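Q: Please look at the structure shown here, and let us ask of each label why it applies.

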Amino acid sequence: MYSFSIIGVTLFKLPDAKSASPETLIILEQYKALAPNSPGISPEPFGDLPEAWFSLFRILTGEVWTDLRYNLLIANDLGLIKTSATIITAFQVIWYILSSFLLLNLLIGAILNNYQIIMDEERKRKNAQSQSMKPTPE
């Protein structure tokens, strides 16, 4: 997640409005008008590392990850970021597949671990019962 966050900030960070040229400010205003959930009403998804982590978590959970993608495509069309549409889509799809696979494996691992613990306890209980039922030699 850390690596993907760094890649996301590197590839998708929008220009800073405080230090942008007047032309870039006009384009940023167009972007805010065109993009749903744009940084005008919410934080920039890949503006800094913590926000990139949260954006990747949003993609992992499937929550409006398409809005993030379309916003980046609009930013690309307006020339705010210099990343191709193919890279934007590949980044998000690869992250979604990898993180979903890892989350699913983590969930299955936890279930199997708990199953193994229960089965071990059941074997111990059965062994204890069979030991108590054996006749003692005299």
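A: At 34% relative accessibility, Lys 32 falls between the cut-offs of 20% and 50%, and therefore it counts as partly exposed. The model discussed here is a predicted one.

Q: Why is Glu 29 called partly exposed?
A: The relative accessible area of Glu 29 is 49%, and because buried means under 20% and exposed means over 50%, a value in between is called partly exposed.

Q: What makes the pair of Lys 32 and Glu 29 a salt bridge?
A: The closest N and O atoms of Lys 32 and Glu 29 are 3.8 Å apart, and a side-chain nitrogen of Lys or Arg has to be within 4 Å of a carboxyl oxygen of Asp or Glu, so the pair qualifies. Both residues lie in helix α2, which covers residues 22-34, and they are 3 residues apart, about one turn of the helix.

Q: How many salt bridges are counted by this rule?
A: The count comes to 3 salt bridges, and the pair of Lys 32 and Glu 29 is one of the pairs that form a salt bridge.

Q: How do you know that Asp 120 and Arg 123 form a salt bridge, and where do they lie?
A: Their closest N and O atoms are 2.8 Å apart, which is within the 4 Å cut-off, and therefore the pair is a salt bridge. Asp 120 and Arg 123 both lie in helix α5, residues 85-133, where they are 3 residues apart, about one turn of the helix.

Q: Why are Asp 120 and Arg 123 each called partly exposed?
A: Asp 120 has 30% relative accessibility and Arg 123 has a relative accessible area of 45%; because the label applies between 20% and 50%, both residues count as partly exposed.

Q: What makes Arg 125 and Glu 122 a salt bridge, and what separates them along helix α5?
A: The closest N and O atoms of Arg 125 and Glu 122 are 2.4 Å apart, so the pair meets the requirement of being within 4 Å. Being 3 residues apart in helix α5, the two residues are separated by about one helical turn. Arg 125 is partly exposed at 42% relative accessibility, and Glu 122 is partly exposed with a relative accessible area of 28%.

Q: Why is Ser 5 called buried, and which residues does it touch?
A: Ser 5 has a relative accessible area of 0%, and because buried means under 20%, the label follows. Ser 5 has its place in helix α1, residues 2-12, and, leaving aside residues up to four places away in sequence, it touches Leu 49, Ala 52, Trp 53 and Leu 56.

Q: How do you know that Gln 92 is buried, and what does it touch?
A: With a relative accessible area of 0%, Gln 92 is under the 20% cut-off and is therefore buried. Gln 92 is found in helix α5, and its contacts, not counting residues up to four places away in sequence, are Ile 59, Trp 65, Leu 68, Arg 69 and Leu 72.

Q: Why does Ser 99 count as buried, and how many Å lie between it and Asp 16?
A: Ser 99, whose place is in helix α5, has 7% relative accessibility, which is under 20%, so Ser 99 counts as buried. Ser 99 and Asp 16 are 83 residues apart in sequence, and their C-alpha atoms are 30 Å apart in space.

Q: What sets the protein chain against a compact globule of 138 residues?
A: Such a globule would have a radius of gyration near 14 Å, but the protein chain has 26 Å. The C-alpha atoms fill a box of roughly 100 × 25 × 25 Å along the principal axes, and 26% of the 138 residues count as buried.

Q: Which elements make up the protein chain, and what share of its contacts joins residues 24 or more positions apart?
A: The protein chain has 5 helices and 0 strands, running α-α-α-α-α from the N terminus on. Among contacts with a separation of 6 or more, 66% are between residues 24 or more positions apart.

Conventions
Residues numbered from 1 in each chain as written. Predicted model: local features only at pLDDT ≥ 70, side-chain atom pairs only at ≥ 80, totals over all residues. Heavy atoms only, no water. Helix = DSSP H or I, 4+ residues; strand = E, 2+ residues; numbered from the N terminus. Rg over C-alpha atoms; globule rule 2.2 N^0.38 Å. Buried < 20%, exposed > 50% of the residue type's maximum accessible area, 1.4 Å probe, protein only. Contact = heavy atoms within 4.5 Å.
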